[in-house]
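Welcome! Please take a moment to look at the structure below, and then read the short tour that follows.

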Amino acid sequence: MEFFTTTSSASRRAAGCVVIGVYANGKLGVGATEVDAASQGAISKLVKQGDVSGRAGSSLLIAGMSGVRAQRVLIVGLGKASGFAVPQFRKAVATVASVIKDSKILDMVSYLNVEEVADTDAYYLARYTVETIGSALYLFTETKSGKQPRAAPLKKIGLAIASRSAAKKAELGAEHAQAIVDGMSLAKDLGNLPPNICTPAYLAKTAQHIDRQNKKVTTKVLGEAEIKRLGMHSFLSVTSGTTLPAKFIIMQYNGAGRDKPVVLVGKGITFDAGGISLKPGSGMDEMKYDMCGAAAVIATMAVVAKLKLSINLTVVVPACENLPSGTATRPGDIITSMSGKTIEVLNTDAEGRLILCDALTYSRRFKPEVIIDVATLTGACVIALGRHRTAVMTRSDKLANEITSAGIAADDRAWQLPISDEYDQQLKSNFADLANIGGRDGGAITAACFLSNFTEGMNWAHLDIAGTAWLSGARKGSTGRPVPMLSEFVLQRARAIP
Ligand code: BES
Ligand code: MN
Ligand code: ZN
């Protein structure tokens, strides 16, 4: 995709399509006012006749409007005029995206960016526009044979700006957005690929591919012999039921000399059958998405490397499958984690924490400035928060605020759940230092408490993305979340946002 900014009026701008907005009270937006003047009141007429309502989500595409240079005019409803803010703006852009997706439009110029939008600026408006349209155009075709659904042909997005002084910010916003869209597409592809293709080795190959494309990235992939030498018996206990080899992936990006790194750890279970504590059959296919944490952190690495941010970032991914077999871990088995703590595996389906605890222990060697693990960890999280918000759990309210604020800015939201010592009771074992489950009550929280046993002294947060990483039902597919939130987090830490 190409981007440009323009100060020319909506009527005089040459383009495949100009996008203009009308509010629900009939008030014309900036671009609509310009087109209205050039077309002898065509837009006002449409409003008067009731063909254009201005309702959020509504749209009308018109070709060959007299007095207008562009081939088409797309009129979108902006909703309520008073207090026009980011969520409404994004909804309008999503409407644009859904029209563009099914059109033959090659290049568009959006005039929505010159509206008065509360609490934001030219950088974020450009970013939202490109992110919303770019991510809506995503299409997964890898595993379909025969006639492919064709991707929309859009090649160029133009952004109207009020004055030349906004150009730099808008261009930077578009550039960042494109990197984030590409990151989201990578995360979506990894999620959507079937578990017989997206294996632990495939995740490792993807990391190595990113490494080859970026000078500042160094990647190491450890095999099972090395994983064993390191004493990661908790990780190994999860992979013991499968014949696919486990991989431990470490990617390091150096963009800030000797600064302490931000460390992101991603759960990379490429298929979670539950192990001996087998899951019920219905919907089990969706457990191919159990590597979405890994996909998100690898994708965030791709974003950071692409934008050459001034930050040090380390990504750690323990990757394996969780299958039942004669060699699989049994409920009741006790294993020794890399930290030395022993764990009684009461349920082999609580495997995410078993691979993450060793990855967190391993990550100590990087002396992280901050460490965040990202995981499709618990069904309980989906019960608690539904599918709209990622759960954040940390013992640092400051870090929680930083993460939720990044989520708000990126419109990829998170919500804090507590963790505290009261919950630790639930993880007591009569036979080991810890049990790997804490019962039904507060399941997302006790999972985080389990992990916090391995993060002592580190500035750590846990993101449970079980509800947000993919959609089920007719729209089944990976969402690419929380790549926007993680990208925002590192962009802010790298001071890359104007
Ligand atoms: N990958 C699942 C969590 C999950 C389930 C995410 C459904 C999204 C939808 C995880 O490994 C798991 O199985 N967790 C168990 C934990 C329980 C045994 C304590 C769960 O949530 O049921
Ligand atoms: Mn599981
Ligand atoms: Zn799992």
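This is a predicted model, and the tour covers one bound molecule and a pair of metal ions. A polar side-chain atom of Asp-349 lies 2.8 Å from an oxygen atom of ligand 1. Asp-349 also helps to coordinate the manganese ion (ligand 2), so keep an eye on this residue as you read.

**Around ligand 1**
- Ligand 1 has 16 residues around it, and the nearest are Lys-279, Asp-290, Asp-349, Glu-351 and Gly-379.
- Sorted by class, this shell holds 7 charged, 5 nonpolar and 4 polar residues.
- The space that ligand 1 takes up is the second largest pocket.

**Polar contacts of ligand 1**
- Lys-267 places a polar side-chain atom 3.2 Å from an oxygen atom of ligand 1.
- Gly-379 takes part through its backbone: one of its polar backbone atoms is 2.7 Å from an oxygen atom of ligand 1.
- On its own, ligand 1 would expose 510 Å², and the protein buries 77% of that.

**The metal ions**
- The manganese ion (ligand 2) is coordinated by Asp-272 (OD), Asp-349 (O), Asp-349 (OD) and Glu-351 (OE), at 2.1 to 2.2 Å.
- Along the chain, the donors of the manganese ion follow the spacing D-x76-D-x1-E.
- Why is the arrangement around the manganese ion (ligand 2) irregular? Its 6 donor atoms subtend angles of 71 to 169°, and that spread makes the arrangement irregular.
- Asp-272 is a bridge between the manganese ion (ligand 2) and the zinc ion (ligand 3), and these two ions lie 3.2 Å apart.

Definitions and conventions
Residues numbered from 1 in each chain as written. Chains lettered and ligands numbered in written order. Predicted model: local features only at pLDDT ≥ 70, side-chain atom pairs only at ≥ 80, totals over all residues. Heavy atoms only, no water. Near = heavy atom within 4 Å. Polar contact = N/O pair within 3.5 Å; in protein donor to acceptor, adjacent residues only side chain to side chain. Areas by Shrake-Rupley, 256 points an atom, 1.4 Å probe, with all protein chains shown as cover. 1 Å grid on protein atoms, 1.4 Å probe; cavity = no way out; pocket = protein on both sides within 12 Å on 5 of 7 lines; lining within 4 Å. Sits in = over half its atoms within 2 Å of the grid points. Nonpolar A, V, L, I, M, F, W, Y, C, P; charged D, E, K, R; others polar. Donors = N, O, S within 2.8 Å, 3.2 Å for Na, K, Ca; no water. Tetrahedral: all angles 85-135°; square planar, octahedral: opposite > 155°, others 65-115°.
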